[in-house]
Structure formats: C-alpha cells, structure tokens
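Welcome! Please look over the sequence and the 3D structure, then work through the exercises at your own pace.

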Amino acid sequence: MRISTSMLNQDAVNGILADETQVAQTQAELSTGKSINSPSDNPVGEVQLLQLNNTNAQNTQYISNGQAANTNLTLEEQALSTSTTTLQSIRDLVVEANSGQNSQADLQAIATQISSLESSLQGTANSQNAQGQYLFAGYSSSTQPFVRASSGAIAYLGDAGTSSVAINSGTSVQTGDPGSSVFMNIPGGNGTFSTAASTSTTGTGVVDAGSVQDAADWVPGQYTITFSSPTAYTVTNAAGTQVASGIYDSTQGGEVAFNGVEVGITGAPAAGDTFTVSPSTKQSVFETLDNLISSLNNAGGSSAARAQLSSSLGTSLQQIDQSLDQITNVSANVGARINLISSTANAVNTNSTTVSTQISNISDLDYASASAQYSQELVALQAAEQSYAAIDGLSLFKVLAGG
C-alpha cells in the first residue's frame with residue numbers, strides 16, 4: 001500500500017483534532033467542576049447520576065412535606081391545648097355552680113362566664129394557619145367551620161376529610177383533624193347511657209351519670225325510674241314493662257340496679273318523681289355548653305328546682321369530661337404524628353446526605369489531577385502542531401531547489 005503525502009497530512013490533522021477535543025473536554029471539566037458534562041463523557045455514570053438525582057429530589061420533597069405537616073400539626077396541638085384549658089375552666093365553674101351555695105344571680109353570672117369561655121372555644125376551633133386555612137375544617141379549609149346559626153346553635157360547616165402527605169417512600173402522615181372528630185360527635189352521658197331528672201319532680205332527688213356493671217346484661221333502650229313513695233321505686237322499659245323494683249335508701253348509697261347497670265340517686269325523691277335512662281347519643285361540645293348555660297340562666301329557687309339543676313349540672317360535667325377525653329385522644333394522636341415526622345425526617349436527611357456523597361463521588365472533578373492532565377494535554381497539542389508545521393514545510397522540490 002502506497003502512503004501519500006496527503007494521507008500523512010490527514011493523519012497529522014486528525015491527531016491534532018483529537019488532541020484539541022481532549023483539551024476542550026478537560027477545559028470544560030475545569031470550568032464546570034464536573035467530570036461529566038454530557039452523557040458521552042461517562043454513559044454509565046450518567047445513568048447512575050440520573051437515578052441518584054431523582055432519589056435526592058424525592059428526599060427533598062419528603063423533607064418539605066414533613067416540615068409543612070409538622071407546622072400544621074404543631075398549630076393544631078397548640079389549639080387543642082388551649083381548648084383543654086378552656087374546658088377545664090368551664091368545668092371548674094360547673095363545680096362551683098353545683099355547690100348549692102349560689103343565688104340565682106350567682107348562677108346567671110356563672111352562665112355569663114361560661115358563655116364567654118364558649119366563645120373563646122369557638123374561636124380556637126376556628127383557628128387558621130399562616131396561609132389562612134382553617135385547621136379544623138377538613139377538606140373545606142377555606143370555610144370557617146364553626147358558626148352560630150340562625151337557630152342559635154353552633155353548626156359545623158366543615159367536612160370529615162383528612163389530608164395526608166408522604167414523608168418517605170412508604171410512610172404518609174395525616175396533616176390535621178376535622179372538627180367533626182374533635183368538637184362534634186362526643187358520646188353523651190357515660191358513653192353507654194345518659195340519665196336525667198324529670199322537670200316535674202317535686203322532691204330533692206339528684207341522679208348521677210350511672211355506670212355499667214355487666215355489659216353482657218345491658219339491654220339498650222329507654223327506661224324510667226319511678227318513685228311510688230320516697231322509699232320505693234320501679235324501673236320500666238319503653239313498653240311500660242317493669243324490669244326491676246326495690247327499696248330506696250340514700251344512706252346505703254341510693255343505687256338503682258337493673259339490666260347490668262347502676263344509677264345513683266341522692267337526696268330525697270318524692271312520690272311520683274321520675275328519672276330517665278336513655279341510650280347514649282352524640283352531640284357537640286357546643287351543644288353541651290349551650291344546654292349548660294340555659295340550665296344556669298333558668299334555674300329556679302325552690303329545693304326541687306335546685307335538685308333538677310344539680311342533676312343537669314352532673315350531666316354537663318359528664319359531657320365536659322367526655323369532651324376532654326376526646327380532645328386528649330386527638331392530642332395524643334397528633335403528638336404521635338409529630339414524633340413520626342421527626343424520626344422519619346432524620347432518616348430521610350441521612351439518606352439524602354449519603355446520596356449527595358455518591359453524586360459527588362461520581363460527578364465532582366478532582367481539580368489537581370485534571371489540572372495536571374490539562375497541562376500535559378496542552379503541551380502534547382502544542383508539540384503536535386509544531387511538528388505538523390515543520391513536516392508540512394518539507395518537500396523533495398524544496399530539497400532539490402536548495403541543492
């Protein structure tokens with residue numbers, strides 16, 4: 001095979017172009033600080049970087065989700081704590097009202113204080129975050145959840161929705177609780193049944209919240225305890241069928257027992273007085289407080305009226321305690337979610353640091369090595385160019401002419 005002068009020239013040019021390409025690539029690496037500036041630089045490394053960067057983007061989103069959820073839950077936790085304090089203050093006032101030492105004016109003054117505290121509780125239930133979203137409105141976060149309706153009752157305008165966000169690849173956390181699960185749907189009475197004194201009682205008997213002694217024997221239904229005399233009673237069901245009877249003796253505890261439950265009655269019931277036992281229903285804390293305020297404002301001055309009030313206040317105390325229990329349960333759940341976010345964020349941050357280190361190991365440039373390489377490549381390029389220039393100037397005719 002003959003090797004022509006043009007072939008030699010082309011080989012030299014190709015070598016120079018290859019050297020220039022390598023110098024340009026090294027120069028680009030030094031300029032960006034990255035060893036991979038295009039997929040062709042390191043195809044395998046580029047694929048790894050895509051996967052690692054995607055993981056890092058997910059970690060960043062998880063951390064952002066956790067921070068937003070933590071902010072919302074912390075605000076909710078504070079609101080629940082404030083609600084608990086408010087209800088405990090109301091409870092103290094109910095105990096004061098039930099001392100038997102208050103005049104009608106005193107009871108009305110207590111009612112006014114409770115009304116003010118109820119307004120404060122409503123304000124807390126309508127708490128908002130920094131974006132103006134209501135904490136306890138469910139999905140309807142732009143709608144004020146608790147409003148005083150034209151009927152006079154406080155209505156819930158939110159919904160039962162709960163939003164969740166992912167805080168790592170396998171864990172989501174609920175970012176709030178709807179008002180329906182915090183301030184509404186609170187079990188009445190002792191959670192199984194509710195007791196009440198008839199408004200027509202003439203004695204001074206006071207009924208307590210009662211308790212379940214044997215759940216297997218309890219038959220839910222409407223029951224009436226009727227005193228045929230100050231010391232004798234019968235218990236009938238909704239059909240009027242007698243289910244129990246007994247002798248009432250307040251010195252022995254005054255317990256009326258039937259169908260696996262006990263209801264305590266104190267004081268001195270009169271013949272014809274009745275007390276009811278009804279299946280527990282659910283109501284809002286605001287309905288409880290409205291009923292409480294009404295009972296205090298309308299309390300009579302007679303012994304019988306005060307006994308009726310005492311029974312009513314006992315029911316209110318039980319309802320307030322149920323409300324406090326419900327808020328406490330929600331608070332415990334919120335605290336658990338905040339702890340979960342914290343522990344998960346630590347793991348995500350650790351993973352993010354590890355991934356960032358891997359990305360750095362693959363893509364970051366070793367400046368010392370690259371600088372030395374650049375110097376060598378530049379010297380090689382310059383030498384190739386000078387050699388080509390010298391060789392390109394030689395020819396047989398120039399030699400002959402010189403001779």
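**Exercise 1.** Find which residue stands opposite Asn168 in strand 4.

*Solution.* Opposite Asn168 stands Thr171 of strand 4. Next, look at the two partners: strand 3 (residues 164–168) and strand 4 (residues 171–174) run antiparallel and are joined by 4 bridges. Strands here are DSSP runs (E, at least two residues), helices are runs of H or I with at least four residues, and both are numbered from the N terminus. Two strands pair if DSSP finds at least two bridges between them. Finally, the link from strand 3 to strand 4 is a hairpin of 2 residues.

Before you go on, note that this is a predicted model, where local features need pLDDT of at least 70 and side-chain atom pairs count only at pLDDT 80 or more, while totals for chains, interfaces and linings use all residues. Residues are numbered from 1 along each chain as its sequence is written, and side-chain values use heavy atoms, with hydrogens and water left out.

**Exercise 2.** Compare the expected span of helix 3 with the distance between its end C-alpha atoms, then find where its buried residues lie.

*Solution.* Start with the length: helix 3 (residues 104–125) has 22 residues, so at 1.5 Å a residue it should span 32 Å, and the 31 Å between its end C-alpha atoms agrees. The expected span is 1.5 Å times one less than the number of residues. Now list the buried residues of helix 3, among them Leu107, Ile110, Ile114 and Leu121. Buried means under 20% relative accessible area, exposed over 50%, and partly exposed in between (1.4 Å probe, protein chains only). The buried residues of helix 3 cover an arc of only 145° around the axis, which puts them on the same side; the arc is that of the directions from the helix axis to the C-beta atoms. On the face turned away from that side, helix 3 carries the exposed residues Ala105 and Thr112.

**Exercise 3.** Work out how the rings of Phe146 and Tyr156 are arranged.

*Solution.* Rings of Phe, Tyr and Trp (its six-membered ring) pair if their centres lie within 6.5 Å; planes under 30 degrees apart count as stacked, over 60 as edge-to-face and the rest as tilted. The whole structure holds 11 aromatic pairs. In one of them, the ring centres of Phe146 and Tyr156 are 5.1 Å apart with planes at 40°, so the pair is tilted. Phe146 lies in strand 1 (residues 146–148) and Tyr156 in strand 2 (residues 154–156), so the pair ties together parts 10 residues apart in sequence. Phe146 counts as buried at 0% relative accessibility, as does Tyr156 at 17%.
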